[in-house]
Amino acid sequence: MISWPAPAKLNLFLHITGRRPDGYHELQTAFQFLDYGDELQFEITDSPEIKLSQSIAGVADEDNLIVRAARLLQQHTGCRKGAIIHVDKQLPMGGGLGGGSSNAATTLVALNYLWQCAVSDSELAQLGLELGADVPIFIAGFAAWAEGVGEKLTPINPEESWFVVVKPDCHVSTAEIFSSTELTRDCEPITISRFLSGEGSNVCEGVVKKRYPAVANALNWLAQYASPRMTGTGACIFADFDNQQQAQKVVENLPSNWQGFVAKGTNRSPLTALASTLNESNATAR
């Protein structure tokens, strides 16, 4: 059975440039994938039932984006097959690493292949947008500059650094941060070239630090070794290093009540790489 990667992502910066009448925020951000994440396996069944082999703690199966993604693809294509889905969960929940969105994207891509639905990537991305604003970036599979609500994507090639990612002992509510009156919503738009030359920050970071002291403490701790940033609305923070060895030494000193890992930034998603390999193999076999 194939293991399908559901990689983490980092928001390398996050600016909010306005707010739409429907309440969604207009933003600018840059996504980069990590070579670290969850792994999903799909056991295809002849009955249409979608089932997780084991529920994920704190999330009802009916609300799980994996189950919702599978059912959405069924409805869209009329597929009568089902699946038992096995999840090896590595990414912390509520960390700003995109774990739920990545799981949904992997489910759409994997079942499109395994059920032989022949839905295009652009069509899958449109389906993914119904599940969450970040899902299309995981389906597209390239590091990207994102605008709008996160759906307008332009490929970019930032440096593929080694990162230390730290999850302090707290869970940050994205809805709480985006509804905060303290949040800056009128950032001047910047260009990709300005970002790649070092400009850009995360406007959510100051709000999160005030409301979640654990995030402030983690940023202060990681600042001993590098210049840390927060990804998305947190709680995870990260910093880049020249090599894996430097990053690993930092993680070895991590306080015991925090989670952390070392990962390499990658401008091509491991999911996209696997899907391309499988499709090429099938084309050759034919």
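In this predicted model, Pro270 touches Pro5, Pro7 and Leu34, leaving aside residues up to four places away in sequence. Pro270 belongs to helix 10, which spans residues 270-285. The C-alpha atoms of Pro270 and Leu34 are 8.5 Å apart, although 236 residues separate the two along the chain. Pro270 is classed as partly exposed because its relative accessibility is 25%, and the buried class is reserved for values under 20%.

Thr107, a residue of helix 2, has a relative accessible area of 1% and is therefore buried. When residues up to four places away in sequence are not counted, Thr107 is in contact with Leu40, Phe42, Ile66, Ala69 and Ala70.

In helix 8, which runs over residues 213-222, the buried residues are Val215, Ala216, Ala218, Leu219, Trp221 and Leu222. The elements covering these buried residues include helix 7 (205-211) and helix 9 (244-252). Strand 7 (162-167), strand 8 (229-230) and strand 9 (237-241) are also among the elements that cover them.

Turning to charged side chains, the model contains 9 salt bridges under the criterion applied. Side chains of opposite charge can pair when their charged atoms come close. One such pair is formed by Lys9 and Asp134, with an N to O distance of 4.0 Å. The Lys9-Asp134 pair links distant parts of the chain, 125 residues apart. Lys9 lies in strand 1 (residues 4-19), while Asp134 lies in the loop between helix 3 (121-129) and helix 4 (135-140). Lys9 counts as buried because its relative accessibility is 3%, whereas Asp134, with a relative accessible area of 22%, is partly exposed.

A salt bridge also joins the side chains of Lys89 and Asp38, at 2.7 Å from N to O. Here too, distant parts of the chain are linked, the two residues being 51 residues apart. Lys89 is located in the loop between strand 4 (82-88) and helix 2 (99-114), and Asp38 is located in strand 2 (residues 25-45). With 29% relative accessibility, Lys89 is partly exposed; Asp38 is buried, its relative accessible area being 1%.

The side chains of Arg71 and Glu62 likewise form a salt bridge, with an N to O distance of 2.7 Å. Arg71 is partly exposed at 27% relative accessibility. Glu62 has a relative accessibility of 51% and so counts as exposed, given that the exposed class begins over 50%. Elsewhere, a network of salt bridges connects Glu176, Glu182, Lys210 and Arg211.

Empty space was examined next. Rolling a probe the size of a water molecule over the atoms shows where empty space is left. The largest pocket has a volume of about 1,300 Å³. Its lining comprises 43 residues, and those nearest the centre of the pocket are Gly98, Ser101, Asp134, Thr174 and Thr233. Asp134 is thus a residue of the pocket lining as well as the partner of Lys9 in a salt bridge. Strand 1, strand 2, helix 2 and helix 5 (174-178) each contribute at least two residues to the lining of the largest pocket. By residue class, this lining consists of 18 nonpolar, 21 polar and 4 charged residues.

Technical notes: Residues numbered from 1 in each chain as written. Predicted model: local features only at pLDDT ≥ 70, side-chain atom pairs only at ≥ 80, totals over all residues. Heavy atoms only, no water. Buried < 20%, exposed > 50% of the residue type's maximum accessible area, 1.4 Å probe, protein only. Helix = DSSP H or I, 4+ residues; strand = E, 2+ residues; numbered from the N terminus. Contact = heavy atoms within 4.5 Å. 1 Å grid on protein atoms, 1.4 Å probe; cavity = no way out; pocket = protein on both sides within 12 Å on 5 of 7 lines; lining within 4 Å. Points joined across faces, edges and corners; volume = space filled by probe spheres on them. Nonpolar A, V, L, I, M, F, W, Y, C, P; charged D, E, K, R; others polar.
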